[in-house]
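Thank you all for coming; I would like to spend a few minutes on charged and polar side chains. Please have a look at the model first, and then I will go through the pairs one at a time.

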Amino acid sequence: MRNKVKENDLYIYFELIEQLEPESVLDAGLFLKRAGCVCRKAMNQEIPEQVRLDGIDLCRDTNFLATQNIYHNILDVRTFLTRTSTQHYDCSILTGIEHLHLHPFASSLFQKIQTCSRYALTSCCFEAWPRAQYKVIDLNVENDRYYLFDFGE
């Protein structure tokens, strides 16, 4: 489930956090780990330490100790899906994982993210979240398009 990390993905990741000023973020797919980040800074931007940043590791084949410095909590997908009490997140980010819908737990993962997140940023539209059913803002960065889903309070 490896996808190439694009510079625009990194930009929109940090820009969204700066613009929304969330208290908590769920990084589905550990984007910062896949981007090779070793801290919460990139492209002259920084995720403030007070922002709770949790991650779901969809591909546990590589483990970097530096990742522990970035995230407050890292869960594998099975643990995330079976938790009875789920943290609420102001925003979930699913960028650079266009093939997520092929993951064996995709349907359950989409459902759980939707129920525990106010917003979700994606780099593609997934069938699990039909655009006509939600308020969706299209975000363009150069030639790349991103989608901010608003699941409401």
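**Salt bridges and a serine**

Let me begin with Asp-54, which counts as buried at 2% relative accessibility. This is a predicted model, so please take every value I quote as computed from it. The side chain of Asp-54 meets that of Arg-52 in a salt bridge, with 3.0 Å from N to O, and Arg-52, for its part, counts as partly exposed at 28% relative accessibility. As a general reminder, side chains of opposite charge can pair when their charged atoms come close.

How many salt bridges does a search of the whole structure find? The search finds six, and I will take a few of them in turn.

One of them is formed by the side chains of Lys-6 and Asp-144, at 3.1 Å from N to O. Because Lys-6 lies in the segment before helix 1, which covers residues 7-20, while Asp-144 belongs to strand 9, residues 144-150, this pair ties together parts that are 138 residues apart in sequence. As for exposure, Lys-6 is partly exposed, with a relative accessible area of 34%, whereas Asp-144 counts as buried at 18%.

Strand 9 comes up again in the next pair, in which the side chains of Arg-118 and Asp-150 meet in a salt bridge at 2.9 Å, N to O. Arg-118 lies in strand 7, residues 117-122, and Asp-150 in strand 9, so here the pair ties together parts that are 32 residues apart in sequence. Are these two partners buried or exposed? Arg-118 counts as buried at 18% relative accessibility, and Asp-150 is buried as well, with a relative accessible area of 15%. Beyond these pairs, there is also a network, in which salt bridges that share partners join Arg-131, Asp-138 and Arg-145.

Let me finish with an uncharged residue, Ser-117, which lies in strand 7 and counts as buried at 2% relative accessibility. What does its side chain reach? A polar contact of 2.4 Å joins the side chain of Ser-117 to that of Ser-92, and the side chain of Ser-117 also reaches the backbone oxygen of Ile-113, at 2.9 Å. If we leave aside the neighbours within four places in sequence, Ser-117 is in contact with His-88, Tyr-89, Ser-92 and Phe-151, so that Ser-92 appears both in this list and as the partner in the polar contact.

Conventions
Residues are numbered from 1 along each chain as its sequence is written. This is a predicted model: local features need pLDDT of at least 70, side-chain atom pairs count only at pLDDT 80 or more; totals for chains, interfaces and linings use all residues. Side-chain values use heavy atoms; hydrogens and water are left out. A salt bridge is a side-chain nitrogen of Lys or Arg within 4 Å of a carboxyl oxygen of Asp or Glu. Helices (H or I, at least four residues) and strands (E, at least two) are DSSP runs, numbered from the N terminus. Buried means under 20% relative accessible area, exposed over 50%, partly exposed in between (1.4 Å probe, protein chains only). A polar contact is a pair of N or O atoms within 3.5 Å; within protein, one must be able to donate a hydrogen and the other to accept it, and residues adjacent in sequence count only if both atoms are side-chain atoms. Contact means heavy atoms within 4.5 Å.
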